[in-house]
Amino acid sequence: MIESLFNQPNYLAAKKTLDAVELRQQAINNNLANLETPGYKRVDLAPSFEQELQRAAGSNDAQTLASLKPTLATDLTAKASSKDGNSVHLEQELMRMNQNAMTHSLETQMVSNLLQKMRMAITGK
């Protein structure tokens with residue numbers, strides 16, 4: 001019974017988005033740590049994950065949502081701006097970090113609201 005509550009498409013989509021936010025934060029941290037490493041190529045969440053998540057969430061397919069796993073990939077769109085070949089740009093990474101923090105805040109609020117509704121249904125309060 002309780003397991004089915006956590007297999008609802010809305011909950012799974014929010015959870016998978018939080019998983020992706022966590023992984024993206026790790027990528028941003030690595031990118032910033034390698035800001036001055038010659039030849040370092042920027043990494044980010046694999047674009048295919050975001051597309052798959054949107055497709056699965058749009059179809060409310062709980063099984064597909066549950067099976068999704070975010071991964072990192074080299075950002076092929078990032079261009080090196082210096083002669084050393086490093087494709088990390090400080091300002092862009094800081095902007096992405098801010099966007100990621102806002103996404104995290106929104107998704108945690110959504111999960112908290114879903115859990116609060118379950119709690120109210122169980123306790124009647």
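**Exercise 1. Relative orientation of α2 and α5**

Determine whether α2 and α5 of this predicted model are roughly parallel or roughly antiparallel to each other.

*Solution.*
Step 1. Two packed helices are characterised by the angle between their axes together with the distance separating those axes.
Step 2. For α2 and α5, the packing angle is about 155 degrees, and the axes lie 9 Å apart.
Step 3. An angle over 145 degrees counts as roughly antiparallel. The helices α2 and α5 are therefore roughly antiparallel to each other.
Step 4. The handedness completes the geometry: α2 passes α5 in a left-handed crossing.
Step 5. Sorted by class, the contact of α2 with α5 comprises twelve nonpolar, eight polar and four charged residues.

**Exercise 2. The largest pocket**

State the volume of the largest pocket, and identify which residues of its lining are the closest to its centre.

*Solution.*
Step 1. The volume of the largest pocket is about 220 Å³.
Step 2. The lining consists of 13 residues, of which R24, L45, E50, N100 and T103 are the closest to the centre.
Step 3. At least two lining residues come from each of α2 (9-33), α3 (47-59) and α5 (90-123).
Step 4. Classification of the lining gives five nonpolar, five polar and three charged residues.

**Exercise 3. Two loop residues, N60 and K41**

Locate N60 and K41, and decide for each how it is classed by relative accessible area.

*Solution.*
Step 1. N60 is placed in the loop between α3 and α4, whereas K41 belongs to the loop between α2 and β1 (43-45).
Step 2. The class partly exposed lies between the cut-offs of 20% and 50% relative accessible area.
Step 3. With a relative accessible area of 48%, N60 is therefore partly exposed. The value for K41 is 43%, so K41 is partly exposed.
Step 4. The backbone of N60 has a phi near 55 degrees, a positive value in a residue other than glycine.
Step 5. K41 and A80 are separated by 39 residues in sequence and by 8.2 Å in space, C-alpha to C-alpha.

**Exercise 4. T64 and its separation from A121**

Assign T64 to its helix, classify its exposure, and give its separation from A121 in sequence and in space.

*Solution.*
Step 1. T64 is found in α4, the helix formed by residues 62-67.
Step 2. The relative accessible area of T64 is 30%, so T64 is partly exposed.
Step 3. Between T64 and A121 the sequence separation is 57 residues, and the C-alpha to C-alpha distance is 27 Å.

Methods:
Residues are numbered from 1 along each chain as its sequence is written. This is a predicted model: local features need pLDDT of at least 70, side-chain atom pairs count only at pLDDT 80 or more; totals for chains, interfaces and linings use all residues. Side-chain values use heavy atoms; hydrogens and water are left out. On a 1 Å grid over the protein atoms alone, a cavity is a set of points where a 1.4 Å probe fits but cannot get out, and a pocket is an open set with protein on both sides within 12 Å along at least five of seven lines; lining residues have an atom within 4 Å of a point. Grid points are joined across faces, edges and corners, and a volume is the space filled by probe spheres set on the points. Helices (H or I, at least four residues) and strands (E, at least two) are DSSP runs, numbered from the N terminus. Ala, Val, Leu, Ile, Met, Phe, Trp, Tyr, Cys and Pro count as nonpolar, Asp, Glu, Lys and Arg as charged, and the others, Gly among them, as polar. Axes are lines fitted to C-alpha atoms, for helices over the stretch in contact, and angles run from 0 to 180 degrees between N-to-C directions. Angles under 35 degrees count as roughly parallel, over 145 as roughly antiparallel, 65 to 115 as roughly perpendicular and the rest as oblique. A crossing is left-handed if the near helix is turned anticlockwise from the far one by less than a right angle, and right-handed if clockwise. Buried means under 20% relative accessible area, exposed over 50%, partly exposed in between (1.4 Å probe, protein chains only).
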